[in-house]
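User: I would be grateful for a close look at one part of this structure, followed by an account of how the rest is arranged around it.

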Amino acid sequence: MEINIDKIITKYKGKDGIAIPLLQELQELEGYLAPESIRYLSEHTGIPVAELYGVATFYSMFYLEPQGRHIIRVCKGTACHVSGADTLGVAIRSYLGLSEGENTTSDSRFTVLEVACLGCCSLAPVIMIGDKTYGKLAVDKIGKILDQYE
Amino acid sequence: MTIKTIKVGMASCGLASGAEDVYHAIQKNLPDSIELKKTACLGFCFAEPMVEVIDEAGKSEFFGYLTPRDAEKLLNNTLPDRKLLISQKRDAPANKQLARQVRIVSRHSGSIDPENIQDYLDDDGYMALKKVCSSMSSQEVIDEMKASGLRGRGGAGFSTGLKWQFAKDAAGDKKYIICNADEGDPGAFMDRNILESDPHSVLEGMAICAYTVGAQNAYIYCRAEYPLAVKRLKKAIADAEEMGFLGDNIFNKGFSLHIVLKEGAGAFVCGEETALIASIEGKRGMPRLRPPFPAQSGLWEKPTNINNVETFASVAWIINHGAAAYAAYGTEKSKGTKVFALAGKIKNTGLIEVPMGITLREIIYDIGGGIKDDRPFKAVQLGGPSGGCIPADLLDTQVDYDSIVKTGAIMGSGGMVVMDDTTCMVNIAAFFLDFTQNESCGKCTFCRIGTKRMLEILQRIQNGEGVLEDIEKLEYLSEQIINSSLCGLGKTAPNPVLTTLRYFKDEYIAHIKDKRCPAGVCSALVHFEIDEEKCTGCTLCARACPIHCISGEVKKLHLIDQDSCISCGACYTVCKFDAVIRT
């Protein structure tokens with residue numbers, strides 16, 4: 001693991017404005033930002049741990065906990081909101097058996113997140129799984145879509 | 001008719017509707033005589049997947065709502081008329097909608113292959129850059145931009161020519177330009193579409209700007225939620241560098257420009273220019289006090305010019321056709337055309353480009369086709385979380401920067417979300433406040449805490465626990481937040497509340513005094529039951545229920561488990577027999 005982190009560090013060390021790309025690549029490598037990895041980054045780049053955490057907690061794309069194999073982004077944009085996004089979100093969570101405050105299924109298959117807007121407003125309501133967008137959704141279409149993912 | 005070319009729309013909306021499968025189905029049985037091309041989005045997203053069929057005479061027809069099974073009929077010319085959208089040969093349902101548009105920024109959207117630089121070059125691509133580099137001085141370019149009247153399309157509406165002038169006049173030999181592609185307004189997706197459909201037009205605009213202000217380095221800050229835009233931009237930059245339109249010594253004129261693509265990490269406030277700069281510098285995206293403006297001290301404290309995607313995409317056309325041609329469109333103070341995103345309860349969802357000065361009514365009814373299911377129009381939300389809700393009696397308002405501001409909304413980046421009588425305006429106000437208080441960077445106390453307090457009040461009202469004094473409190477807090485916030489996010493955050501209070505106060509009063517939600521949305525104030533007489537046992541409601549709390553067998557009476565019911569209203573919306581009673 002550390003060999004790969006070292007590669008990232010070598011790529012950016014000494015350059016300006018590297019906190020975000022460093023964390024982005026670390027997350028790509030490990031799936032999330034583990035405390036020990038952040039500490040390792042800090043020790044080898046000289047960027048204080050506080051600064052790395054400051055950045056990591058500011059932006060919504062950084063995860064401080066392990067995520068499921070597939071990330072479901074439920075769009076909460078205005079168009080989706082007026083087209084039933086809340087109901088859709090409830091249905092997805094209910095289908096996956098997630099209880100309140102829980103975002104990742106116990107088998108680590110899915111993580112369900114809400115996002116501000118996916119920019120596919122013309123197909124509202126919309127969700128994204130990985131990089132694939134699903135539009136014009138309804139509650140009864142959810143099962144068929146989610147069942148495609150292992 | 002002999003088909004010469006078939007183009008399949010492959011932007012995000014097309015792909016999400018199954019364009020990839022349609023493309024492969026056509027490809028499978030494609031005769032050698034027909035050329036099959038990939039293009040992006042014409043803006044008629046409601047009809048995706050779409051194809052354009054061009055015959056030997058060069059006449060074109062667009063068909064929509066395609067499935068892979070339509071491929072054979074498409075190749076045989078036997079598609080049913082109901083799939084026809086636009087035609088140069090006959091009457092077609094969307095001919096009028098297209099004819100009302102003036103497509104400058106979106107001139108290539110849905111016609112060229114965005115991943116093929118040759119397509120862009122074939123339509124005067126990079127000719128404006130060549131013209132600028134070989135025959136225009138910096139000041140001449142700026143004068144042309146000023147004369148065009150182009151104002152920043154990101155929302156603030158500042159004169160682009162003037163902005164470039166400041167950056168050009170700023171002292172210093174190292175300067176930067178930034179393309180703001182952090183399109184965060186929920187309801188706006190024109191920038192995504194420009195990047196996916198015509199990325200080179202943005203790069204060319206950036207190169208012209210860099211030449212003009214004297215910058216050698218540029219950044220595009222694109223939100224990471226747009227993976228396709230990022231992919232196409234990367235390819236476009238590499239192709240343009242390879243062909244010498246970017247990179248060192250462009251057109252052998254000694255001018256160099258290197259463009260770096262930065263992916264955002266998810267923060268709405270980074271749409272604000274000083275926050276965006278902080279984010280490129282690798283920091284938390286927190287806005288700072290202006291002045292100094294970025295034109296004097298921006299990225300790495302060097303003079304920096306920032307424009308958004310649509311602004312840059314307008315530049316090459318203006319240089320090629322002249323400022324006067326651009327300024328011929330629009331109103332006295334808002335020149336040219338603007339791309340709008342139509343979404344929500346409108347029939348023709350998608351993107352349109354129209355001259356400024358057109359009325360909201362013309363956009364929503366003539367081009368947008370009116371309200372879904374012919375329900376009554378209630379409001380149109382303009383300008384995202386910084387904007388406001390405009391009611392029916394202001395539908396004849398002209399769409400230009402100044403007229404929209406008079407309504408209490410703002411033009412913003414051009415997202416229009418249409419709402420009908422099933423939308424609760426208190427709920428919408430709360431929705432936006434929830435958004436802004438989440439996205440507030442936390443620097444200014446009034447924005448950080450004030451939006452939170454406002455949200456709590458709105459939630460109380462939605463729960464039927466509001467008191468009349470809450471309205472005054474909301475107005476008071478709004479004023480404080482507007483006056484005490486540093487950046488646009490805080491200064492405009494109360495707008496959705498203020499405009500709904502201004503135009504839909506009766507709905508607030510109904511929630512507070514009558515404990516009633518007129519639109520039937522606020523779950524604490526509505527109750528659903530199934531009418532024994534009317535229920536036919538069609539099972540539609542049971543399938544629509546997100547938590548499966550409706551039971552019943554086929555053709556038998558259905559029942560809602562009241563203990564589990566979350567009052568979302570999904571059953572009420574889908575029932576075709578008025579058998580779900582809402583009280």
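Is B:K555 buried or exposed?

Analyst: In this predicted model, B:K555 is exposed, because its relative accessible area is 71%; the cut-off for that class is over 50%. The residue sits in the loop that runs between strand 17 (550-551) and strand 18 (559-560) of chain B. Its backbone has a positive phi of about 65 degrees, although B:K555 is not a glycine.

B:S567 offers a useful counterpart. B:S567 likewise has a positive phi, of about 55 degrees, and is not a glycine. B:S567 is placed in the loop between strand 18 and helix 24 (570-574) of chain B. Its relative accessibility is 12%, so B:S567 counts as buried, the limit for that class being under 20%.

Two cis peptide bonds may be added to these backbone features. One joins B:E48 to B:P49, with omega near -5 degrees, and B:P49 belongs to the loop between strand 2 (35-39) and strand 3 (51-55) of chain B. Another joins B:R290 and B:P291, with omega at about 0 degrees; here the proline is in the loop between helix 12 and strand 10 (304-308) of chain B.

The domain assignment places these sites in context. Chain B is divided into domain 1 (3-95), domain 2 (117-325), domain 3 (337-420), domain 4 (425-513) and domain 5 (527-582). Domain 2 and domain 4 of chain B have C-alpha centres 35 Å apart, and their contact takes 11 residues from domain 2 of chain B and 7 residues from domain 4 of chain B. Together these two domains bury about 850 Å², with carbon and sulfur atoms giving 80% of that area. On the domain 2 side, B:P186, B:F268 and B:P287 supply 51% of the area buried against domain 4 of chain B, more than any other three residues. Between domain 2 and domain 4 of chain B there are 0 salt bridges, while 2 residue pairs are in polar contact, both residues being at pLDDT 80 or more. The side of domain 2 of chain B that touches domain 4 of chain B comprises 7 nonpolar, 2 polar and 2 charged residues.

Within chain B, helix 21 (residues 495-503) deserves separate mention. Of its 9 residues, 7 are buried, so helix 21 of chain B is largely enclosed by the rest of the structure. The buried residues are B:N495, B:P496, B:V497, B:T499, B:T500, B:L501 and B:Y503. Their cover includes strand 14 (388-391), helix 17, helix 18 (445-462), helix 19 (469-484), helix 20 (488-492) and helix 22 (505-513) of chain B.

Helix 17 of chain B also has a part in the interface with chain A. At that interface, 60 residues of chain B are in contact with 39 residues of chain A. The two chains bury about 3,600 Å² between them, 63% of it on carbon and sulfur atoms. Across the interface of chain B and chain A there are 0 salt bridges, whereas 16 residue pairs are in polar contact, both residues at pLDDT 80 or more. The elements that give two or more residues to the chain B side are helix 1 (12-16), strand 9 (255-263), helix 12 (273-280), strand 11 (337-344), strand 15 (415-420), helix 17 (425-439) and helix 23 (540-544) of chain B. Helix 17 of chain B provides the largest share of that side, 6 residues. By class, the side of chain B that touches chain A has 34 nonpolar, 14 polar and 12 charged residues.

Chain A itself is assigned domain 1 (2-58) and domain 2 (70-146). The C-alpha centres of these two domains of chain A lie 30 Å apart. Helix 4 of chain A spans residues 49-58, and its buried residues are A:L52, A:G54, A:V55, A:A56 and A:F58. These buried residues pack against helix 2 (19-30) and helix 3 (35-45) of chain A.

To return to the residue in question, B:K555 is exposed and has a positive phi, whereas B:S567, which also has a positive phi, is buried.

How values were computed
Residues numbered from 1 in each chain as written. Chains lettered and ligands numbered in written order. Predicted model: local features only at pLDDT ≥ 70, side-chain atom pairs only at ≥ 80, totals over all residues. Heavy atoms only, no water. Contact = heavy atoms within 4.5 Å. Buried area = accessible area lost by both parts, 1.4 Å probe. Salt bridge = Lys/Arg side-chain N within 4 Å of Asp/Glu carboxyl O. Polar contact = N/O pair within 3.5 Å; in protein donor to acceptor, adjacent residues only side chain to side chain. Helix = DSSP H or I, 4+ residues; strand = E, 2+ residues; numbered from the N terminus. Nonpolar A, V, L, I, M, F, W, Y, C, P; charged D, E, K, R; others polar. Buried < 20%, exposed > 50% of the residue type's maximum accessible area, 1.4 Å probe, protein only. Domains from an automatic or database assignment.
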